[in-house]
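Trainee: Could we go through this structure together? I would like to begin with the strands and then move on to the chains.

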2 protein chains.
Amino acid sequence: MREPVHIVGTYLSPYVRKVLVVLHLKGIAYDIDPIIPFMGDDRFSRLSPLRRIPVLLDGEIVLADSSVICQYLEDRHPEPAVYPRDVAQRARARWLEEFADTRMGEVFIWRLFNQLVIRRFVWREQTDEALVARTLAEDVPAILDYLESEVPPAGYLFGDLSIADVSVACFFRNAAMARFSIDAARWPRSAAFVDRVLAGESFQQLKPFEERLMRTPIPEHRAVLASMQAPVARETYATTTPRRGVMQI
Amino acid sequence: MREPVHIVGTYLSPYVRKVLVVLHLKGIAYDIDPIIPFMGDDRFSRLSPLRRIPVLLDGEIVLADSSVICQYLEDRHPEPAVYPRDVAQRARARWLEEFADTRMGEVFIWRLFNQLVIRRFVWREQTDEALVARTLAEDVPAILDYLESEVPPAGYLFGDLSIADVSVACFFRNAAMARFSIDAARWPRSAAFVDRVLAGESFQQLKPFEERLMRTPIPEHRAVLASMQAPVARETYATTTPRRGVMQI
């Protein structure tokens, strides 16, 4: 592994956050080109065929999916482990990561965060309030009911903190940016679990950057991060104007 | 591992096919409950929160995502390996599996196969010919251009046959069922590669079941498979009438 490894993608993405948390847990040095996917240029398309973030570049190796990146970091740098050692638990952890990345991504990012943050502040469009209401009334409770049946009353899902805890918690940072928080009366285990995971140093060290970017116009993200001494990389794959419909998933 | 392991999901799914091929390559005994996702009942929902197939049941362990299942099979039963041993190649193989499962799934299953097979024969609805035409003119060529740049002129992607070859090839069985074949003049490497992978014994042994199911009404699938001596499991999670809109992804 050639440190610092290079990460392409903004701190505001839950998938980038997952990778940055794993890098921090493993003590791997990185720098970051904090682009937003719909600002990515044609070089970005070649790097990331689905135009997803994050992308990891480690020397000649290019990986453009957060789950693949985290497993690569574990294979390359096994200690401290972020996947359970027990084979059955490891499989269950990967399942919960997949559940978070697809279903929680669909609901918390593509419905809530997209409607309440991206549409308003990037595209200057109205929020579809009916969609948001339906999402909050139906989809979010179904997810939280499932999480409530899975998460433990204390500690983490599989003993030590693992990829499963990290993957699930990442989405609640974006949910909070869209002013959503878990109703602790209805889902007490989930609310306490998410608070517990997000309180960890690996999440906390990212919070100042996330909070600042939320208040900063996209063209100023790099400069503001640099002024905060974030590990901003020199190279950029971003255009100056956003393009619609460029993400394939 | 408690053999036979139990697989829930039809032979007609590319994701089920991937798992059945890996089970065959590893020589793991299995039986199968060949349900179609939109025929799944409420027990199926509890088993597979995203209502995806395949589901693997191995004793108490339940896994409901094909990539998680394949990695579990590798962890539990490492020889013969279906993931490359080299860490960088292993990561690239997982990336290609992810590309196949998401992007090729979107295009070959949710556009072509859904429009040309599922809508016609399950829902008795018309094909959206404009969508099919656009998919064939734009999305499919983009995928094949990418594959053409990745696949080798001979042999497999990473030396021995791996999860990457299997994942990619699986979708072309469904494409063939929708009467699509790769234009070998335009994408010669991809056409030859897919033929080479699909010619393997692990794919060939499934073909009689797939071909027969394609000509069989869904309610008769189990009986027909049993008559062909497929390893059909006794338990079933299926209703007798299809339900729309029950898949979450």
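Mentor: Certainly. One definition comes first: two strands pair if DSSP finds at least two bridges between them. Please also keep in mind that this is a predicted model.

Trainee: How many bridges join strand β1 of chain A to strand β3 of chain A?

Mentor: There are 3 bridges between β1 (residues 5–8) and β3 (residues 55–58) of chain A, and the two strands run antiparallel. Within this part of the chain, A:H6 is placed opposite A:L57 of β3(A).

Trainee: What is the strand order of the sheet in chain A?

Mentor: The order is β2-β1-β3-β4 in chain A, an open sheet of 4 strands with mixed pairing. At its edges are β2 (30–33) and β4 of chain A, each of which pairs on one side only. On average, neighbouring strands of this sheet are turned by 20° against each other, direction ignored.

Trainee: And which are the edge strands in chain B?

Mentor: In chain B they are β2 (30–33) and β4 (61–63), each pairing on one side only. The sheet there is open, has 4 strands in the order β2-β1-β3-β4 (chain B), and shows mixed pairing. Strand β3 (residues 55–58) of chain B is joined to β4(B) by 3 bridges, and these two run antiparallel. B:L56 stands opposite B:L63, a residue of β4(B).

Trainee: Changing topic: how are α1(A) and α3(A) packed, at what angle and with axes how far apart?

Mentor: Their axes are 9 Å apart and the packing angle is about 10°. Angles under 35 degrees count as roughly parallel, so α1(A) is roughly parallel to α3(A).

Trainee: Which residues make that contact?

Mentor: From α1(A) they are A:Y15, A:K18, A:V19, A:V22, A:L23 and A:K26, and from α3(A) they are A:S66, A:I69, A:C70 and A:L73. By class, the residues of the contact of α1(A) with α3(A) are 7 nonpolar, 1 polar and 2 charged.

Trainee: What domains does the assignment give for chain A?

Mentor: The domain assignment gives domain 1 (5–81 + 206–227) and domain 2 (87–202) of chain A. The C-alpha centres of these two domains of chain A lie 20 Å apart.

Trainee: How many residues of domain 1 of chain A are in contact with domain 2 of chain A?

Mentor: Domain 1 of chain A has 13 residues in contact with 13 residues of domain 2 of chain A. On the domain 1 side, α1 (14–26), α3 and α9 (207–214) of chain A each supply at least two residues. α1(A) gives the most to that side, with 7 residues. The residues of that side of domain 1 comprise 7 nonpolar, 3 polar and 3 charged.

Trainee: Now the two chains. How many residues does each give to the contact?

Mentor: Chain A gives 24 residues and chain B gives 24 residues. On the side of chain A that touches chain B, the elements giving two or more residues are β4 (61–63), α3 (66–76) and α4 (87–121) of chain A. The largest share of this side, 10 residues, comes from α4(A). In terms of class, the side of chain A that touches chain B has 14 nonpolar, 3 polar and 7 charged residues.

Trainee: By what turn can chain A be laid on chain B?

Mentor: A turn of 180° with a shift of 0.0 Å along the axis lays chain A on chain B with an RMSD of 0.0 Å. The two copies are therefore related as by a two-fold rotation axis. The same surface serves both copies, since 100% of the contact residues of chain A recur in chain B.

Definitions and conventions:
Residues are numbered from 1 along each chain as its sequence is written. Chains are lettered from A and ligands numbered from 1 in the order in which they are written. This is a predicted model: local features need pLDDT of at least 70, side-chain atom pairs count only at pLDDT 80 or more; totals for chains, interfaces and linings use all residues. Two residues are in contact if their C-beta atoms, placed from the backbone, lie within 7 Å. Ala, Val, Leu, Ile, Met, Phe, Trp, Tyr, Cys and Pro count as nonpolar, Asp, Glu, Lys and Arg as charged, and the others, Gly among them, as polar. Copies are superposed by least squares on the C-alpha atoms of residues with pLDDT of at least 70 in both. Axes are lines fitted to C-alpha atoms, for helices over the stretch in contact, and angles run from 0 to 180 degrees between N-to-C directions. Domain bounds come from an automatic or database domain assignment. Angles under 35 degrees count as roughly parallel, over 145 as roughly antiparallel, 65 to 115 as roughly perpendicular and the rest as oblique.
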